[in-house]
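Please open the model in your viewer and keep the sequence panel beside it. The stops below are meant to be selected one after another.

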Amino acid sequence: MRTLVLLASIAGAMPAGAALVVGSDTLRGTPYTTFREPGHDGWRFSCQSPCPIPLATLQAAADGFIAAKAQLANLAGIDTVPSLAPVDIFFEGNSICPALPGAAGYASTYQPYGSGAGQPVRAYACLFLWDRQQAGEIDYFTPTSAGLASSQTLIVHEYAHSLFFTRHRYSYEDFVRYWSYVISGTVPLPQGACSESLITYMAPMIPALCRQFGAGDADFRYAMQRLDTLYQGGLGYHGPTTSVAQLRESFDLRFGADTRALFLDLGYRAQEVGTTYAPMSAGTSPPLYVYDLTMPEDVFSLTGVGSLPTPVKLEQPGCLPAAPFVDFSLAFDLVHPDHRENAPLPDPAFAGALTVAYSFGGRTPPPGVRPERYRFFRATARCGQAGIGWQEYPASIDLETGYVVATIAQGGTYALMQPDVIVRRGFE
C-alpha cells in the first residue's frame, strides 16, 4: 500500500502534458523506480529508490532524448538489438553504476535479474548527470535545460554504444562520438565527417573514411545496416556477432575499393582486419591450387599448394584462450569465407602442403618470454566450448628473420604460444 501511495504521489506531481509512466523494478536485488515513455519501449530511465531526481527533470530529459534518438535512428539506420531492450538509462551513481575515475559515463550489458539459466541480458548506460549537476560541475540537467539538443551529447553517446552490443565485436568510439556531435552540435563539424575536430575528439575512423573515400552519413548507415543483416542472418563471423573484418568488407563493397590499409593505419591488427584469398589453379590433374598470401608489413604469410578450390579467409577467431596471451601473441582462424564457428574447413584441406609463417618483427620480448620456444597450436574443439584443448603443430623459428614457420593440413582456430606458458596457465 505504501508503494502504491508513493507512486500515486509521484504521478500526481507530473507536469501537465507529461507522458512518463512511473513504475518499479528490482535490479540485481535492489529496488529501482522506472520511468517509461509510452510508445518508446526500447528504453527506460531507471533510478535507485528512493529516486532523488525531480520528475520534471526526467520528463525534460525524456523529451530531449526522444528527439535525439529519432535523429540517431536516421543516422545509424538501426536500433539496439531487441533482446537487449529495454535499455536501462541511469542518471545517478547507484548499485548498477559505480563511479569510475575519469569516466563521464559508460555503457555495457548486464543481467538485471540474476545469472541463472534463461535470465535475460540487457543493455544499460550510466550517465551521472544528476551527480554532476548536484556537484556544480554542469548546469544543464534541469527541467529547463535537460531537453535541449545541446544537452544530448552524453546520452546519445552512451545509448549509441548499445547499437553494437551483440551485433558486432566492438562498439566504436568513432561512430558514437560522431553521431552525438552531429545531433547535439556541441563539437563543431564545419566539414562534416571530414572535420579535423573529429581527430581532436578521438573519432579518427570517420574523417579517415571521409577524406580517403568520400564517406558520409549514407555510407555509415549502409555499413551499419549490412552488419545488422549479417547478424540477423546468423552470418556474423563470431557466431553470430559480426567482426571488424566484416565492417571493413562493408565499406569495401560500398566504395568498390580496398579499405584494409585504412584500418591498419588506425591501429587494428592484421588478423582483425582480415583478408579473403582466392587461390589460383596449379594446372594439375587432379586439380591443385596455389596459395601465396602475405599480410601487410609481412607479419603473416601463407604459401603452398593445396587441394581446396574455394577462397580462404584469415581473421581473428571468435574467442581466444581463457588466459591472456603473452607478448608476440597471434590468434587467427583459417576458414571458408562463409565460416561459422561450428563449420571449419574440411580435413584435410590443403593436402599437407600449406605453410604458415608469422614474424615477431622488431618487438622486444618481456622477461621470461623466449621467441625460440614459440609454436603453432590448433584448437581441438569449437572455440568457446569447455575443454577446448590445443594440438601442437611442429614449427621452426628463424631467429635471424624472426619467423615461426609451420605446415598445417586443415583450417580452424590457431594460436601462436609458448608451451611452458600454456602449461602454467592451465591450457592442457
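The tour goes from the whole chain to a sheet, a helix pair, a second sheet and some backbone details.

**Before selecting anything**

This is a predicted model, in which local features need pLDDT of at least 70 and side-chain atom pairs count only at pLDDT 80 or more, while totals for chains, interfaces and linings use all residues. Residues are numbered from 1 along each chain as its sequence is written, and side-chain values use heavy atoms, with hydrogens and water left out.

**The whole chain**

Colour the protein chain by secondary structure, and 12 helices and 18 strands can be picked out; helices (H or I, at least four residues) and strands (E, at least two) are DSSP runs, numbered from the N terminus. Of the 428 residues, 50% are buried, where buried means under 20% relative accessible area, exposed means over 50%, and partly exposed lies in between, with a 1.4 Å probe and protein chains only. Contact means heavy atoms within 4.5 Å, and among contacts between residues at least 6 apart in sequence, 62% join residues at least 24 apart.

**The mixed sheet**

Next select β1 to β6, which form an open sheet of six strands in the order β1-β2-β3-β4-β6-β5, with mixed pairing. The edge strands are β1 and β5, each of which pairs on one side only, and from one strand to the next the twist averages 30 degrees. Two strands pair if DSSP finds at least two bridges between them. Zoom in on β3 and β4, which run parallel and are joined by three bridges; F45, for instance, has I89 in β4 as its bridge partner.

Now add α2, which lies across β1, β2, β3 and β4 and runs at about 150 degrees to β3. Axes here are lines fitted to C-alpha atoms, for helices over the stretch in contact, and angles run from 0 to 180 degrees between N-to-C directions.

**The helix pair**

Keep α2 (residues 55–76) and add α4 (residues 153–161): the two pack at an angle of about 50 degrees, with their axes 10 Å apart. The two helices are therefore oblique to each other, given that angles under 35 degrees count as roughly parallel, over 145 as roughly antiparallel, 65 to 115 as roughly perpendicular and the rest as oblique. Show side chains, and F65, A68, K69 and L72 in α2 meet I155, V156, Y159 and A160 in α4. By class, this contact has seven nonpolar, no polar and one charged residues, where Ala, Val, Leu, Ile, Met, Phe, Trp, Tyr, Cys and Pro count as nonpolar, Asp, Glu, Lys and Arg as charged, and the others, Gly among them, as polar.

Is α4 mostly covered or mostly open? Nine of the nine residues in α4 are buried, and the helix is mostly covered; among them are T153, H157 and E158.

**The antiparallel sheet**

Move on to a second open sheet of six strands, with antiparallel pairing in the order β8-β9-β10-β13-β17-β16. Its edge strands, each pairing on one side only, are β8 (280–281) and β16 (395–398). At one end, β8 and β9 (residues 289–294) pair in the antiparallel sense over two bridges, and S281 has Y289 in β9 as its bridge partner.

**Backbone details**

Most residues other than glycine have a negative phi, and most peptide bonds are trans. With that in mind, select S49 and P50, which are joined by a cis peptide bond with omega of about -5 degrees; P50 lies in the loop between β3 (40–48) and α2. A cis peptide bond also joins A85 and P86, with omega of about 0 degrees, and P86 is placed in the loop between α2 and β4.

R28, in the loop between β1 (21–27) and β2 (30–37), is not a glycine but has a positive phi of about 50 degrees. M202, in the loop between α6 (197–200) and α7 (205–213), has a phi near 60 degrees, again positive in a residue other than glycine. R28 is partly exposed, with a relative accessible area of 46%, whereas M202 counts as exposed at 52%.

**Last stop: S95**

Finally, select S95 in the loop between β4 (87–90) and β5 (106–110), where the residue counts as partly exposed at 39% relative accessibility. Which residues does S95 touch, not counting residues up to four places away in sequence? S95 touches T30, Y32 and Q48. A distance label drawn between the C-alpha atoms of S95 and C47, which are 48 residues apart along the chain, should read 10.0 Å.
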